[in-house]
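Visitor: I have a model open on my screen and would like a guided walk through it. Could you take me around?

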Amino acid sequence: MIKDILTSLQQAGSVEEQDWLTMKFSLENLKPTLQEAVWAATILRWFDEKYLKATLNNSAFNSFKELITISFVEPFENRGYNIHERSRKILEKRLWLEKPEYYCKLSQYAAEYCATQDLKDTEWLIEFICHLLVAKPKQGGRNFYSICVEWWNSFAYEKIEALLCSIHEYDHATLNLPEVKGDYFYWKAHIEQMQAQYDAAKSLYEQVLPLYREVGDRRGEANTLKAQGDIEQMQARYDAAKSLYEQALPLHREVGSILGEANTLKAQGDIERLQA
């Protein structure tokens with residue numbers, strides 16, 4: 001057995017493959033109920049016994065004490081436990097590649113449990129949105145965008161950054177979806193713009209625009225064009241800013257965004273005032 005494993009490791013084509021083979025060996029030495037629990041815990045940023053049972057959809061699971069003694073399970077401050085980051089990343093990717101339907105099923109159970117928790121707690125809300133994005137991308141996408149708008153308008157930028165970081169942890173399952181990917185990079189660009197990292201923001205907006213156009217998201221396209229125009233205006237490139245605002249304005253009107261239209265008209269007026 002050991003000889004076979006060593007041979008497999010030597011023949012592995014990459015470090016990533018070697019890591020997976022090592023992890024696979026560890027899993028195969030666990031009893032089936034623990035293997036199943038590890039896979040479920042893999043999609044959770046943290047877990048306690050109740051949360052894990054809900055994600056497994058198995059209230060009879062009784063091997064929690066054994067689970068938390070496994071070498072790659074570690075305490076997670078104030079929340080319970082988690083799978084060690086590197087191990088979790090290996091397992092999460094493998095689960096998505098090999099069993100995407102099961103991954104989505106686990107995410108659905110996790111989202112349902114999160115919905116019963118105090119969603120005024122930012123960490124629970126982030127957890128809920130991440131799982132909903134996987135289980136129900138359209139519904140999750142609406143929640144993702146609306147909470148980012150709410151946090152942006154209340155200057156809670158650190159919460160948006162925390163949500164973006166958490167979504168990125170599920171990049172195989174979330175960022176392959178054009179609907180999610182567009183909003184993810186839009187808000188990432190918005191944070192860069194707010195921090196005056198204009199080159200980074202511009203590069204991200206350039207990636208975002210074709211994503212929105214691919215899925216026919218006119219709202220997203222309008223917002224991105226307006227944001228690009230704002231960067232050009234901030235850097236005194238007024239002709240470029242005007243062109244972008246002119247493209248954004250009819251899109252805001254098309255989707256009925258009165259606020260977007262008003263902000264774009266104001267931005268155009270600001271340029272006229274600056275050039276007077």
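**A walk through the model**

Guide: Gladly, and let us start with helix H8, which has 14 residues and reaches 20 Å from its first C-alpha to its last, close to the 20 Å expected at 1.5 Å a residue. The expected span is 1.5 Å times one less than the number of residues; helices (H or I, at least four residues) and strands (E, at least two) are DSSP runs, numbered from the N terminus. Please keep in mind that this is a predicted model, in which local features need pLDDT of at least 70 and side-chain atom pairs count only at pLDDT 80 or more, while totals for chains, interfaces and linings use all residues. Residues are numbered from 1 along each chain as its sequence is written, and side-chain values use heavy atoms, with hydrogens and water left out.

Visitor: How many of the 14 residues of H8 are buried?

Guide: Buried means under 20% relative accessible area, exposed over 50%, and partly exposed in between (1.4 Å probe, protein chains only). The buried residues of H8 include Trp-124, Phe-128, Ile-129 and Leu-133, along with the polar Glu-127 and His-131. H8 is mostly covered, and the number buried is 11.

Visitor: Which side-chain oxygen reaches the backbone nitrogen of Glu-123 at the start of H8?

Guide: A polar contact is a pair of N or O atoms within 3.5 Å; within protein, one must be able to donate a hydrogen and the other to accept it, and residues adjacent in sequence count only if both atoms are side-chain atoms. Here the two atoms come to within 3.0 Å, and the oxygen belongs to Asp-121.

Visitor: Which residue forms a salt bridge with Asp-121?

Guide: A salt bridge is a side-chain nitrogen of Lys or Arg within 4 Å of a carboxyl oxygen of Asp or Glu. Asp-121 is partly exposed, because its relative accessibility is 25%. Its partner, at 3.1 Å from N to O, is Arg-79. The pair links parts of the chain 42 residues apart, with Asp-121 in the loop between helix H7 (100-114) and H8, and on the other side, in the loop between strands S1 (73-76) and S2 (80-83), Arg-79.

Visitor: Which residue in the turn between S1 and S2 has a positive phi?

Guide: Two strands pair if DSSP finds at least two bridges between them. S1 and S2 pair in the antiparallel sense over 4 bridges, and Pro-75 stands opposite Tyr-81 in S2. They form a hairpin with 3 residues between them, and the residue with a phi of about 65° is Asn-78.

Visitor: Which helix gives the most residues to the largest nonpolar core?

Guide: A nonpolar core is a set of buried Ala, Val, Leu, Ile, Met, Phe, Trp, Tyr and Cys residues joined through side-chain atoms within 4.5 Å. The largest one has 73 residues, and Leu-52 and Phe-144 touch the most other members. The top contributor, with 9 residues, is H8.

Visitor: Which residues of H8 does Phe-144 contact?

Guide: Contact means heavy atoms within 4.5 Å. Leaving aside neighbours within four places in sequence, Phe-144 is in contact with residues that include Leu-163, Val-180, Asp-183 and Trp-187. H8 covers residues 122-135, and the contacts in that range are Ile-129 and Leu-133.

Visitor: Is Asp-183 buried or exposed?

Guide: Asp-183 forms a salt bridge with Arg-219, the closest N and O atoms being 3.1 Å apart. Arg-219 lies in helix H14 (residues 218-234) and Asp-183 in helix H12 (residues 178-194), so the bridge ties together parts 36 residues apart in sequence. Arg-219 is partly exposed at 27% relative accessibility. With a relative accessible area of 4%, Asp-183 is buried.

Visitor: Which helices are included in what covers the buried residues of H13?

Guide: The 18 residues of H13 (residues 198-215) should span 26 Å, and the end C-alpha atoms are 26 Å apart, which agrees. Among the buried residues of H13 are Leu-204, Val-208 and Tyr-212. Their cover includes H12 and H14.

Visitor: Which backbone oxygen lies 2.8 Å from the side chain of Thr-264?

Guide: Thr-264 sits in helix H16 (residues 258-274) and counts as buried at 0% relative accessibility. Beyond four places in sequence, Thr-264 touches Lys-226, Tyr-245, Leu-249 and His-252. The oxygen facing a polar atom of the Thr-264 side chain is that of Gly-260.
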